[in-house]
Amino acid sequence: VINGLSDLAHPCQALADLLTVQEVCGAVGGRTVVFVGDGNNVARSLAVGCHRLDARFILAAPQGYEFSASFLKRLDKSRGNGSVEITHDPIAAVGAADVLYTDVWTSMGQEAETERRREAFSGFQLNAALLRQAPRHARVMHCLPAHRGEEITDDVRDGPQRVVLTQAANRLHAQKALLLWLLKAE
């Protein structure tokens, strides 16, 4: 069974994301990945991957939208020497970022929460002002589809620091590699 996507995890997306980080940064280990937004399935899977590959992962989320204590406890007991941090200050979070990542504020099945989430996440938009607080070499990622003007602005989504299309293309390559690995497993 391959988990292509569930409410709790999105490991196939994380494989593509980590491949993209490796391509644009040269390595995953030692890098800082900052996820601005909801501590959702995408963020959890990316945090696990960063932890296992010795990277620093920072979740900048509004109060009440962080990782659960049980997730953090399981992560702490898992293999890996990376770190996972949580903050409620997106400006402080991006200061050392090699990668800035965001995702939709309202995932499938949460549509009834849309207005409440827009209010809660309003200070967590990946926009030009936030990007200016990050190092110039930082790259922008989004797992798509994006709600333009909500979690990410057009100028950032389409700007020179974005690797969103490379990231999207890497989903195909990562899934092919996963299938090949599984078919060779005995």
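How do the residues of the lining of the largest pocket divide into nonpolar, polar and charged? The count gives eight nonpolar, twelve polar and seven charged residues. This report describes a predicted model, beginning with the chain as a whole and returning to that pocket at the end.

## Overall architecture

The chain contains eight helices and five strands. From the beginning of the sequence to its end, these elements follow the pattern α-β-α-β-α-β-α-β-α-α-β-α-α.

The radius of gyration of the chain is 16 Å, and a compact globule of 186 residues would have a value near 16 Å, so the two agree. Along the principal axes, the C-alpha atoms occupy a box of roughly 50 × 35 × 30 Å. Of the 186 residues in the chain, 47% are buried.

## The sheet

The five strands form an open sheet in the order β3-β2-β1-β4-β5, and their pairing is parallel. At the edges stand β3 (83-87) and β5 (139-142), each of which pairs on one side only. From one strand to the next, the twist averages 20°. In general terms, strands of a sheet pair through backbone hydrogen bonds, in either a parallel or an antiparallel sense.

Several of the pairings can be followed residue by residue. Strand β2 (residues 56-60) is paired with β3 in the parallel sense over five bridges. Within this pair, Phe57 has Val84 of β3 as its bridge partner.

Strand β1 (residues 32-36) runs parallel to β4 and is joined to it by four bridges. Here Phe35 stands opposite Tyr101 in β4. Strand β4 is also joined to β5 by four bridges, again with the two strands running parallel. In that pairing, Leu100 stands opposite Val140 in β5.

Is strand β4 (residues 99-102) covered on one face or on both? Both faces are covered: Val99 and Tyr101 are buried on one side, and Leu100 and Thr102 are buried on the other. Tyr101, the residue opposite Phe35, and Leu100, the residue opposite Val140, thus belong to opposite sides of β4.

## Backbone features in the loops

Two residues that are not glycines have a positive phi, and they lie in separate loops. Asp54, with a phi of about 65°, is located in the loop between α2 and β2. Its relative accessible area is 39%, and because the partly exposed class runs from 20% to 50%, Asp54 is partly exposed.

Leu144 has a positive phi of about 60° although it is not a glycine. The residue is placed in the loop between β5 and α7. With a relative accessible area of 25%, Leu144 is likewise partly exposed.

A further feature follows directly after Leu144. The peptide bond from Leu144 to Pro145 is cis, with omega near -5°. Pro145 lies in the loop between β5 and α7 (154-157).

## The two largest pockets

Rolling a probe the size of a water molecule over the atoms shows where empty space is left. The table sets out the volumes of two pockets.

| Pocket | Volume |
|---|---|
| Largest pocket | about 560 Å³ |
| Second largest pocket | about 470 Å³ |

The largest pocket is lined by 27 residues, and the closest to its centre are Asn40, Asn41, Asp103, Ser107 and Met108. Helix α2 (residues 41-52) provides the largest share of this lining, with three residues. As stated at the outset, the lining holds eight nonpolar, twelve polar and seven charged residues.

The second largest pocket is lined by 19 residues. Those nearest its centre are Pro11, Leu15, Leu18, Gly49 and Arg52. Which helix gives the most to the lining of this second largest pocket? Helix α1 does, with seven residues. At least two lining residues come from each of α1 (11-25), α2 and α8 (164-184). By character, the residues of this lining comprise 14 nonpolar, four polar and one charged.

Helix α2 therefore has a place in both descriptions, because it supplies three residues to the lining of the largest pocket and at least two to that of the second largest pocket.

Notes:
Residues are numbered from 1 along each chain as its sequence is written. This is a predicted model: local features need pLDDT of at least 70, side-chain atom pairs count only at pLDDT 80 or more; totals for chains, interfaces and linings use all residues. Side-chain values use heavy atoms; hydrogens and water are left out. On a 1 Å grid over the protein atoms alone, a cavity is a set of points where a 1.4 Å probe fits but cannot get out, and a pocket is an open set with protein on both sides within 12 Å along at least five of seven lines; lining residues have an atom within 4 Å of a point. Grid points are joined across faces, edges and corners, and a volume is the space filled by probe spheres set on the points. Ala, Val, Leu, Ile, Met, Phe, Trp, Tyr, Cys and Pro count as nonpolar, Asp, Glu, Lys and Arg as charged, and the others, Gly among them, as polar. Two strands pair if DSSP finds at least two bridges between them. Axes are lines fitted to C-alpha atoms, for helices over the stretch in contact, and angles run from 0 to 180 degrees between N-to-C directions. The radius of gyration is taken over C-alpha atoms; the globule rule is 2.2 Å times the number of residues to the power 0.38. Buried means under 20% relative accessible area, exposed over 50%, partly exposed in between (1.4 Å probe, protein chains only).
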